[in-house]
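Reader: Before we get into labels, could you put the model up? I'd like to hear where each of your terms comes from.

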Amino acid sequence: QALALTVRCLSFDFIGTNPDESTEDVGTIQAPTSWRPVLQDSATTDLLFDCYANTQPPRSSKAMEALILLSSTRRSLFPTDKDRAAFLGRLITGIRELLSK
């Protein structure tokens, strides 16, 4: 249930730009600025990658869905391009490791 809640939180339309919430299209995740420390913490992505690697569907599918949503986090959430590059680098490294297994 924690993974489902994570996906729902990341999917929430915080700024009210999506009047049709039935769509599954992912645009930019407009996470609140107060979430920055959690989203930038490598433990967050590590936890989701570990959950994906060590569980079976539907849990692993929810973990991957959360990772996909994280990859769509708005650029302005990161204070510098270096911070954003580090975040995206962790995602790419995690995906590369999953594909090599």
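Reader: Which helix gives the most to the lining of the second largest pocket?

Author: That's α1, with 5 residues. Helices here are DSSP runs (H or I, at least four residues), numbered from the N terminus, and α1 covers 2-11. Keep in mind that this is a predicted model, where local features need pLDDT of at least 70, side-chain atom pairs count only at pLDDT 80 or more, and totals for chains, interfaces and linings use all residues. Residues are numbered from 1 along each chain as its sequence is written, and side-chain values use heavy atoms, with hydrogens and water left out.

Reader: What makes a residue part of that lining, and which helices each supply at least two?

Author: A lining residue has an atom within 4 Å of a pocket point; on a 1 Å grid for a 1.4 Å probe, a pocket is an open set of points with protein on both sides within 12 Å along at least five of seven lines. By that rule α1, α2 (36-40) and α3 each supply at least two. The lining splits into 11 nonpolar and 2 polar residues, with no charged ones. Nonpolar means Ala, Val, Leu, Ile, Met, Phe, Trp, Tyr, Cys or Pro, charged means Asp, Glu, Lys or Arg, and the others, Gly among them, are polar.

Reader: Why are α3 and α4 called roughly antiparallel?

Author: Look at the angle: α3 (residues 42-54) and α4 (residues 59-70) pack at about 150 degrees, with axes 8 Å apart. Axes are lines fitted to C-alpha atoms over the stretch in contact, with angles from 0 to 180 degrees between N-to-C directions. Over 145 counts as roughly antiparallel, so α3 and α4 earn the label.

Reader: How do you know that α3 and α4 meet, and what are the residues like?

Author: Contact means heavy atoms within 4.5 Å. On that basis T44, T45, L48, F49, C51 and Y52 in α3 meet S60, A63, M64, A66, L67 and L70 in α4. This contact divides into 9 nonpolar, 3 polar and no charged residues.

Reader: And what makes α3 and α5 roughly parallel?

Author: Their axes cross at roughly 15 degrees and come within 10 Å, with α5 spanning residues 81-100. The cut-off for roughly parallel is under 35 degrees, so that's the verdict for α3 and α5. Here S42, T45, F49, Y52 and A53 in α3 meet F87, R90, L91, G94, I95 and L98 in α5. The tally for α3 with α5 is 7 nonpolar, 3 polar and 1 charged.

Reader: How is α1 oriented to α4, and why?

Author: The α1 and α4 axes cross at roughly 25 degrees and come within 9 Å. That angle makes α1 roughly parallel to α4 as well. From α1, L3, A4, T6, V7, L10 and S11 meet R59, K62, A63, E65, A66, L69 and L70 in α4. That contact has 8 nonpolar, 2 polar and 3 charged residues.

Reader: Where is P58, and what kind of peptide bond joins P57 and P58?

Author: P58 sits in the loop between α3 and α4. The bond from P57 to P58 is cis, with omega at about 10 degrees.

Definitions and conventions. Angles under 35 degrees count as roughly parallel, over 145 as roughly antiparallel, 65 to 115 as roughly perpendicular and the rest as oblique.
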